[in-house]
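Got your viewer open and a selection box ready? Let's take a walk through this one, stop by stop.

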Amino acid sequence: MRILGNIIWFVFGGVFIFFEYLWGGLILCLTIVGIPWGLQAFKLGIAHLAPFGKRVVPTGGSIPVISFLLNVIWIILAGFWIAVTHLLFGILFCVTIIGIPFGLQHFKLMRLGFYPFGYDLR
């Protein structure tokens, strides 16, 4: 199921979302100040390529205060809207029985998109 789900996810949108996050991450990395957020955009892009069979886990290697501050800025500028988008797509997919696995992936990615600093998809 994991391989089939990842193939369907990749073909019907995962690759497009990956390129959007890649483009946004490149733009953010052009500035010195935007590099931390650009790296998180790369992480989110890679997470959107094949989310089936993975889970959101704490990284444990970062300083909590810095992660918190970076997450607050992320939430204000982008994280809230990313989370709302994943929430709406998750609800939309969960309306049908066939779409439930894809809706659950959106709910998982919603958490990572809302506060990416200090968490990873493994």
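**Stop one: the pocket**

H1 is the top contributor to the lining of the largest pocket, supplying eleven residues. Keep in mind as you click around that this is a predicted model. Show the pocket as a surface if you can: its volume comes to about 590 Å³. The lining counts 29 residues in total, and those nearest the centre are Ile-17, Glu-20, Tyr-21, His-48 and His-86. Now colour by helix, and you'll see that H1, H2, H3 and H4 each bring at least two residues to that lining.

**Stop two: the bent helix**

Next, select residues 64-93, which is helix H3. Where is the kink in H3 centred? Go to Ile-75, where the helix turns by about 70 degrees. Put a distance label between the end C-alpha atoms of H3 and you should get 34 Å, short of the 44 Å a straight helix of 30 residues would reach.

While H3 is still selected, pick out its buried residues: Ser-67, Leu-70, Asn-71, Trp-74, Gly-79, Ile-82, Ala-83, His-86 and Gly-90. They pack against H1 (2-29), H2 (35-47) and H4 (100-114). His-86 should look familiar, as one of the residues nearest the pocket centre.

**Stop three: a helix that keeps to its expected span**

Move on to H2, with 13 residues. Its first and last C-alpha atoms are 18 Å apart, close to the 18 Å expected at 1.5 Å a residue. Buried here are Trp-37, Gly-38, Gln-40, Ala-41, Lys-43, Leu-44, Gly-45 and Ala-47. Their cover includes H1, H3, H4 and strand E2 (119-121).

**Stop four: the nonpolar core**

Which residues of the largest nonpolar core touch the most other members? Show Trp-74, Leu-112 and Leu-121 as sticks: they hold that spot among the core's 16 residues. H1, H2, H3 and H4 are the elements giving two or more residues to this core, and H2 gives the most, with four.

Zoom in on Leu-121. Beyond its neighbours within four places in sequence, Leu-121 is in contact with Ala-47, Pro-51, Lys-54, Arg-55, Val-56, Lys-108, Leu-109 and Leu-112.

**Last stop: a glutamine inside**

Finish on Gln-105, in helix H4. Is Gln-105 buried or exposed? It counts as buried because its relative accessible area is 10%, and the cut-off is under 20%. Setting aside residues up to four places away in sequence, Gln-105 touches Trp-9, Pro-51 and Phe-52. Pro-51 is also on the contact list of Leu-121.

Note on methods: Residues are numbered from 1 along each chain as its sequence is written. This is a predicted model: local features need pLDDT of at least 70, side-chain atom pairs count only at pLDDT 80 or more; totals for chains, interfaces and linings use all residues. Side-chain values use heavy atoms; hydrogens and water are left out. The expected span of a helix is 1.5 Å times one less than its number of residues. The bend at a residue is the angle between axes fitted to the seven residues ending there and the seven starting there. Buried means under 20% relative accessible area, exposed over 50%, partly exposed in between (1.4 Å probe, protein chains only). Contact means heavy atoms within 4.5 Å. A nonpolar core is a set of buried Ala, Val, Leu, Ile, Met, Phe, Trp, Tyr and Cys residues joined through side-chain atoms within 4.5 Å. On a 1 Å grid over the protein atoms alone, a cavity is a set of points where a 1.4 Å probe fits but cannot get out, and a pocket is an open set with protein on both sides within 12 Å along at least five of seven lines; lining residues have an atom within 4 Å of a point. Grid points are joined across faces, edges and corners, and a volume is the space filled by probe spheres set on the points.
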